[in-house]
Amino acid sequence: MSYLLNKAFLNAKKENRPALLTYTVAGDNTKKKSLEILKSISNYADICELGFPHNTPIADGGQIQTSAYRAIKNGIKIKDVFSIAKNFKKSKKNTPIILMGYYNMIFQFNENKFLDKCKKSYVDGLIVVDLPYPENKSFASKCKKNGINFIQLVSPTTSQIRLKKIIKDSHDMVYYISMLSTTGGKLKVSPKKILERYNKIKNQNKSKNVVIGFGITEKTIKSLKKADGLVVGSAICKEISKSIERRQNTVTNVTNIVKRLRNKIQ
Amino acid sequence: MKLKMKLKRGIPLIDQHDQQGFWGGKFGGSFIPETLKKPVEDLTKEFKQLRNNKEFLKKRDFYFKNYIGSPTSFVKLENLSNHLGGAQIWAKVVSEANGGAHKIYNATVHALICKAMGKKYIVGDTGAGYAGKMLSMAAKKFGLKCKIFMGAKDIKRQKPNCDAMKKNGAEIVPVYSGSQTLVDAVSECMRYWVSNCDNTHMCVGSTVGPNIFVKICGWSTAQISRELKTQLKKEFKKIPNKIKLINCVGGGSSAYGFWSEFIDFDKKQIELIGVEAGGPKKSKLHAAPLSRNAKVGILHGAASYVCQNNEGQISNTESISAGLDYPGVSPIHCFLKDTKRARYTYATDEDALNAHVMVTKFEKLNPSLEPSHAFAEAIKIAPKLGKDTIIIVNSCGDAKKDRDILRERLGKH
């Protein structure tokens, strides 16, 4: 199993802060630009999530949808996603990269071939939004065999019994969805409540790295800094949209936002 | 090793799935985000209990009879049959149902379930606006607050149904993402449910989506074939020896409802024919994943044949009939196709228009563009068949909603 994820969490812990995870969509707004963004933000982010865009996303909010449609419109293909990941790793071999997307893309590519490509592109982990437990059991174990972390998701609606089973079947990282929402919603639950629930998950098995995502922005990130890791996606995608609209430099603007996020949890 | 798919007898098709929700080990399932696992499980339990609850069944039957107007009539299309020669053509006039189409069955059952679960809000998707209109009707009838998700493009082209929804007190939420049609409306509705599943019930407008929604919808529309079975026995003293049941297929809810009682029959006695939307004659785009060999993919939480590209991006579709304009199809129809119990074909926009013209010319029947696809197939095969063959078409929608399109394409009406 790729050890880079664990290492990234460990490094952050040494600095007494949560790991910062970013999410950007591969190919947003071009293949070249998304690679540049990735390289630049990884100076401040500990782990980079890279979305492979799908045109029928059932769990993404407006910001990420916009990024995904933009990337697809610009002709992004799965092979480009892998090449972005691989190129990224050429210069940042110690920064873990997680691919994230919807199952149909993997299904059409073929599970085994997809994992083989992941391995060859040095991908460390996978998040598949619409392949929940226990449906993901066989795919998750295939991931493990290939040295790739399959990242299980847990939500506020996950029952206690289910939580136990999911944690038992999880690899190094678990993703807690902070609230009932698509990505990019306004944080509608108090940080205190979110952390209470987070602790319940964490207490199941302290060795798992539990990250919190959904609704995390510059405004909210500080209040959740007790977590092992925090994911920011929509706020970044929004910045890309804004920069394009204003004809500004996306790489600089996005890097600045990630830098500020990092400073808030330092 | 490939297992051979088999239909079971004596068990409703909606219940012939495995533990993970797959029909034939391959179609359906529940590909949903973690957040929806619990609400889907709750709904699954509730439905299992309700469908065995005598009080609930009584309620359902009461509203089917007194609110929807069950049974809808079963009539011989004498003039059309004589004109074509060959097989007898009959119609099950489901468009007589309250609201003008079969969508009212599913909408009514979902409203009843929503009430039983103590939820006050109901949301649904719509393409042509029928599913939305019916859900808004049912919501009003049962005192529920209702939101309908509809593609911005569809809102423009289906104004009469939008007006009806608003009149019923429903809020129409325009969807601007993607192609701004049904496929995006369903996605947006599911996204809304992800965010509000604690107090809101979701109705999926056809036999598509995660397993439980396929089941609830199929269970609701099955009323059509229960009625037809009784009507056949009454008309012919027994079930005739050569029947062909022809139905249009978009998501597949009316076709399943029309066929469910007859799936156990030998296909030599009762042939099931599904007609998909072939799109404009000269266009490469269509909405016919079953008959034009689309690959299996995952759309809106279920595996089915789906119009998509090599990478798994869902394709744009094109059809004159908004109600059939969906890139996926019900997993139960995929199962019926692969087990060869049903045969699927398609009719083009032009075929459907011609069929509409012919049926309205000869009969006092005004089928909408969706069942006109089914009539196109009936008109095509009837002359080649003998008088002892009974073709029955499910005339599942009324053409009032198509007024503008018909005027534009035919220059009259």
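Here is a short back-and-forth on chain B of this predicted model.

It is a predicted model, so local features need pLDDT of at least 70 and side-chain atom pairs count only at pLDDT 80 or more, while totals for chains, interfaces and linings use all residues. Residues are numbered from 1 along each chain as its sequence is written, and chains are lettered from A and ligands numbered from 1 in the order in which they are written.

Me: What makes chain B as compact as a globular protein of its length?
Reply: Chain B has 15 helices and 14 strands (DSSP runs, H or I of at least four residues and E of at least two, numbered from the N terminus). Its radius of gyration, taken over C-alpha atoms, is 20 Å, close to the 22 Å that the globule rule gives for 413 residues, so it fits that description. The rule is 2.2 Å times the number of residues to the power 0.38.

Me: How do you know that H8(B) is largely enclosed by the rest of the structure?
Reply: Because 12 of its 15 residues are buried, that is, with 20 or more other C-beta atoms (placed from the backbone) within 10 Å of their own. Among them are B:Leu182, B:Cys189 and B:Trp193.

Me: Why are H4(B) and H5(B) called oblique to each other?
Reply: They pack at an angle of about 40 degrees, with their axes 8 Å apart. Angles under 35 degrees count as roughly parallel, over 145 as roughly antiparallel, 65 to 115 as roughly perpendicular and the rest as oblique, so oblique it is.

Methods. Axes fitted to C-alpha atoms, helices over the stretch in contact; angles between N-to-C directions.
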